Amino acid sequence: MIFFNSISISATDTSNPMASSSFLTGERAVVALFIAWIVFSVPQSLLSESLSLSLLSLLALSVEISVDASSSVPLSHFFKTRPGASSGIFLGAVTLPGVMVSKLIQMSRAVSLNQSGSEELENLQLLYWVTSASCYTVLAYLCFIFYQQSDSKNCATSRCSLSCIALYFVVCCVSFAVKSHCGWYTAAILLWLFSHGYAAVKLIQNILHTFPACASIGEALLATVGLVIYFGDMLACTAAKSHGYFTASKLVTVPYGIQRSEVSVIIQGLIIGLLLFPMLFKYVLQFLERASLASSRDTVDNHMRRSCVFYISLACVLIIAVPSWMQLVQDFHVHPFLWVLDFVLSEPLKRLSLCIYWLVVIYVSVIRFYNISKSSKIERILLRKYYHLMAVSMFVPALILQPKFLDLAFGAALAIFLMLETIRIWRIWPLGHLVHQFMNAFTDHRDTDLLVVSHFSLLLGCALPIWLSSGFNDRPLAPFAGILSLGIGDTMASVVGYKYGVLRWSKTGKKTIEGTAAGITSVLAACSILLPLLATTRYVQNWFSLLFAVTISGLLEAYTAQLDNAFIPLVFYSLLCL
């Protein structure tokens with residue numbers, strides 16, 4: 001719609017970040033097609049969301065072009081980003097808002113079929129506006145710092161960016177004013193959106209400065225907005241449960257889903273508690289150092305003291321603080337971890353059998369591939385793709401047979417990964433060195449000693465489409481988006497492209513046309529096998545939409561220089577929901 005008037009038809013090399021100064025690159029073309037398909041699928045009732053998504057896309061594209069094309073003010077002048085990657089601002093800014101609009105389209109179908117209430121649709125709309133406002137605020141911040149320092153200011157680009165920001169604010173105000181006749185409610189919602197935007201700006205600054213050279217701007221933006229939404233949801237839920245008058249006045253209602261399952265509350269409590277734990281641990285260490293309780297000339301003794309403090313603090317968070325929050329928001333009749341035990345044992349044969357199967361697969365795969373990585377000359381990228389296949393063998397049976405249990409298992413696995421990465425970063429005895437040594441055997445150019453993201457991105461890439469599909473879902477393949485795109489498509493593209501690829505997408509890139517074709521074909525073949533197994537559902541998947549979704553996600557894998565494990569599943573999921 002709006003931003004497509006400024007896009008030409010030709011595409012150029014995107015695998016080389018320096019080539020991104022061209023107006024339209026392969027990555028930008030694929031992302032533009034992704035947004036266009038969503039915008040043209042929006043019903044008339046979601047016109048304001050469609051317009052704001054178009055404005056966001058135009059703003060993100062103009063900011064990315066300005067930043068990547070600038071020679072006077074390079075990106076590294078402000079942030080030390082991941083080497084070898086373009087800024088990725090366009091892709092990073094539109095991915096989560098695109099997911100939210102796709103969910104809105106799906107939820108509007110549910111309302112029309114009387115499968116869901118209008119209140120849930122309104123809450124999802126508020127979630128979209130929170131997501132887009134966070135992206136807009138970060139983009140406005142990037143515009144400000146870039147144009148403030150730039151010697152050669154592009155007036156046309158500046159006017160375009162300012163116009164997009166102003167128009168977005170107008171659309172946002174009009175949208176909420178039409179839905180509510182109370183001016184104070186509109187003002188309160190705008191304040192709620194601004195608080196998320198401000199938090200997003202502060203968080204992305206902290207991420208890029210705390211973890212230099214670990215992410216591009218687009219990757220950091222995706223992580224930032226996701227975390228802000230997740231923390232904002234927790235705060236809103238806590239406020240609504242703690243103060244009933246908030247809900248009554250709708251000043252601060254729980255905006256992201258009316259009904260919460262016990263599993264979702266347990267996952268949210270664990271993840272947020274473990275994300276906040278490093279800051280708590282840092283403050284505890286500083287307090288002990290000031291109190292001279294942890295000071296020692298013997299570095300070994302000091303290290304042991306720090307490790308003891310770590311484990312004691314972690315136990316307090318996981319046993320006391322996190323379960324207390326869970327009890328507050330969900331009213332568990334027993335301790336939440338006892339509820340988890342009861343949940344697992346409610347179907348002991350199926351769920352315990354799955355646990356045993358997962359442990360056997362993990363043990364055999366880890367031992368096998370770790371030994372190969374130390375003694376073999378097999379390319380590390382191929383070894384890492386074997387873990388993608390392992391994910392397929394583990395998650396597909398569970399998603400078909402025990403989807404609720406798989407939700408909980410993903411949360412537990414993510415919590416374990418967070419604990420291990422924290423232990424690795426802080427070098428906590430006795431596991432810190434061992435975990436670092438093991439992780440180092442499977443890292444690639446996107447990982448650093450400061451932060452290893454590959455295992456997080458693979459797990460979240462498989463888990464997020466499943467978590468997002470909770471509730472109404474009339475697209476049976478949507479929960480499989482991450483498993484199909486990463487476990488099958490990305491794996492086949494890498495293996496075939498590495499072994500048999502000849503025709504490259506660009507002169508400087510490594511991705512081949514043969515690999516992309518193999519990835520697309522393998523995903524379509526897997527879908528043709530899965531659909532009969534899912535035929536018990538009364539909903540069907542349109543094959544033309546499926547072909548478009550698979551093709552776009554395959555082309556994105558071929559062109560993007562960003563962390564594909566993070567972006568491809570979300571893009572694929574969004575298109576499958578339409």
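What follows is a look at the overall make-up of the protein chain and at two of its residues, serine 50 and glutamine 330, in a predicted model.

Starting with the whole chain, the secondary structure is simple to describe: there are 20 helices and zero strands. The chain runs to 578 residues, and 55% of them count as buried. As for how the chain meets itself, 77% of the contacts between residues at least 6 apart in sequence join residues at least 24 apart. On the outside, the protein chain exposes about 26100 Å², with carbon and sulfur atoms supplying 67% of that area.

Serine 50 sits in helix H2, which spans residues 47-69. Its relative accessible area comes out at 4%, so serine 50 is buried, the cut-off being under 20%. Setting aside residues up to four places away in sequence, serine 50 touches Val39 and Val42. Glycine 98 lies 48 residues from serine 50 in sequence, yet the C-alpha to C-alpha separation in space is 9.6 Å.

Glutamine 330 belongs to helix H10, made up of residues 299-330. Is this residue buried or exposed? Glutamine 330 counts as buried because its relative accessibility is 18%, and buried means under 20%. Once neighbours within four places in sequence are left out, glutamine 330 is in contact with Arg260, Ser261, Glu262 and Val265.

Put side by side, serine 50 in helix H2 is buried at 4%, and glutamine 330 in helix H10 is buried at 18%.

Terms used
Residues numbered from 1 in each chain as written. Predicted model: local features only at pLDDT ≥ 70, side-chain atom pairs only at ≥ 80, totals over all residues. Heavy atoms only, no water. Helix = DSSP H or I, 4+ residues; strand = E, 2+ residues; numbered from the N terminus. Buried < 20%, exposed > 50% of the residue type's maximum accessible area, 1.4 Å probe, protein only. Contact = heavy atoms within 4.5 Å. Areas by Shrake-Rupley, 256 points an atom, 1.4 Å probe, with all protein chains shown as cover.
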